[in-house]
Amino acid sequence: LSRVDRLPASARRTLQSAAILGSEFESALLWAVDEDAADPHLLSLLCDGEFLVPVYSDTPQEPQHPAPRYRFASTLAHDVAYQNLLLRRRTELHQRAGTILEQLRGTSPARLEDLDALCHHFSRGRDPARGARYLVSAGDWARGIYANDDAVRYYDRALCILEYEAEHD
């Protein structure tokens with residue numbers, strides 16, 4: 001936490017935005033969620049500070065271009081950055097990430113990972129009912145490939161969100 005606190009404010013915000021996206025994330029999605037993250041100096045600073053690690057694909061990258069993906073150097077670094085966010089800001093960032101993912105991948109994504117990310121962000125954003133709808137879709141997907149235990153978990157999470165929303169409206 002003290003290492004995060006010593007970062008410049010813009011780097012700290014970028015690190016927190018990255019934490020919203022998970023332990024590994026696409027740099028393009030980070031740039032869409034946090035405009036400051038488009039500054040390659042910030043990502044270099046976070047990599048030099050051993051908060052983030054670039055994840056390169058098998059194809060060689062040109063040195064002047066940032067890696068297409070990054071991951072947190074440790075689970076602890078991710079957890080500290082995520083837990084250090086105020087709840088209001090965390091909710092706002094999850095909502096923004098869900099909205100951007102929905103624009104990029106559509107409302108019926110072709111990959112279960114994208115559907116799961118939509119569930120995650122919207123259920124923790126300002127629109128948990130939308131997250132519940134994506135959870136039901138993920139449950140349907142899992143049921144379709146006979147992953148019944150996973151389907152039950154998705155449906156159960158959706159039900160919990162909808163019950164909570166019904167009680168608190």
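**Stop 1: a pair of residues in the sheet**

Select Val 53 and Arg 71 to begin: Arg 71, in β3, is the bridge partner of Val 53. As you look around, keep in mind that this is a predicted model. Now widen the selection to the strands β2 and β3, which pair in the antiparallel sense over 4 bridges.

Next, add β1 to the view. It is joined to β3, residues 69–72, by 3 bridges, and these two strands also run antiparallel. Two pairs are worth picking out here: Glu 26 sits opposite Arg 69 of β3, and Phe 25 sits opposite Tyr 70 of β3.

With these strands shown, you have an open sheet of 3 strands in the order β1-β3-β2, paired antiparallel. Which strands stand at the edges? They are β1 (24–26) and β2 (52–55); each has a single partner strand, so one side of each has no neighbour in the sheet. Turn the view a little and you can follow the twist: on average, neighbouring strands of this sheet are turned by 30° against each other, direction ignored.

**Stop 2: the two faces of β3**

Stay with β3 and show its side chains. In a regular strand, side chains alternate between the two faces of the sheet. Which residues of β3 are on its covered face, and which on its uncovered one? Tyr 70 and Phe 72 make up the covered face, while Arg 69 and Arg 71 make up the uncovered one.

Now select residues 40–48. This is helix α4, which lies across β2 and β3 and runs at about 110° to β2.

**Stop 3: into the core**

Select Leu 15, Phe 25, Leu 52 and Phe 72. The largest nonpolar core has 43 residues, and these four touch the most other members. Helix α2 gives the largest share of this core, with 6 residues.

Centre the view on Leu 52. Leaving aside neighbours within four places in sequence, what is Leu 52 in contact with? Its contacts include Leu 15, Phe 25 and Phe 72, as well as Leu 43, Leu 46 and Cys 47. Tyr 70, Arg 71 and Ala 73 are in contact with Leu 52 too.

**Stop 4: charged pairs**

Side chains of opposite charge can pair when their charged atoms come close. A search of the whole structure finds 12 salt bridges, and three of them make good stops.

Go back to Glu 26 and add Arg 105. Their side chains meet in a salt bridge, 2.6 Å from N to O. This pair links distant parts of the chain: Glu 26 is in strand β1 and Arg 105 is in helix α6, 79 residues apart. Are these two buried or partly exposed? Glu 26 counts as partly exposed at 27% relative accessibility, and Arg 105 counts as partly exposed at 25%.

Next, select Glu 92 and Arg 96, whose side chains meet in a salt bridge at 3.2 Å, N to O. Both are in helix α6, and because they are 4 residues apart, about one helical turn separates them. Glu 92 is partly exposed at 25% relative accessibility, and Arg 96 is partly exposed as well, at 27%.

The third pair is Arg 130 and Asp 127, a salt bridge with its closest N and O atoms 3.3 Å apart. Asp 127 is partly exposed, with a relative accessible area of 21%. Then select Glu 24, Glu 26, Arg 69, Arg 105, Arg 111 and Asp 114 together: salt bridges that share partners join them into one network.

**Stop 5: helix α7 and its surroundings**

Select residues 112–124 to see helix α7. It has 13 residues and reaches 18 Å from its first C-alpha to its last, close to the 18 Å expected at 1.5 Å a residue. Which residues of α7 are buried? They are Asp 114, Leu 115, Leu 118, Cys 119, His 121, Phe 122 and Ser 123. Show α2 (9–21), α6 (87–105), α8 (128–144) and α9 (148–167), which are among the elements that cover them.

**Last stop: Tyr 134**

Finish in helix α8, where you will find Tyr 134. Tyr 134 is buried, with a relative accessible area of 5%. Beyond its neighbours within four places in sequence, Tyr 134 is in contact with Leu 115, Leu 118, Cys 119 and Phe 122, and also with Glu 102, Gly 106 and Thr 107. For a last distance check, pick Gly 22: Gly 22 and Tyr 134 are 112 residues apart in sequence and 18 Å apart in space, C-alpha to C-alpha.

Technical notes. Residues are numbered from 1 along each chain as its sequence is written. This is a predicted model: local features need pLDDT of at least 70, side-chain atom pairs count only at pLDDT 80 or more; totals for chains, interfaces and linings use all residues. Side-chain values use heavy atoms; hydrogens and water are left out. Two strands pair if DSSP finds at least two bridges between them. Axes are lines fitted to C-alpha atoms, for helices over the stretch in contact, and angles run from 0 to 180 degrees between N-to-C directions. Contact means heavy atoms within 4.5 Å. The expected span of a helix is 1.5 Å times one less than its number of residues. Buried means under 20% relative accessible area, exposed over 50%, partly exposed in between (1.4 Å probe, protein chains only). A salt bridge is a side-chain nitrogen of Lys or Arg within 4 Å of a carboxyl oxygen of Asp or Glu. A nonpolar core is a set of buried Ala, Val, Leu, Ile, Met, Phe, Trp, Tyr and Cys residues joined through side-chain atoms within 4.5 Å.
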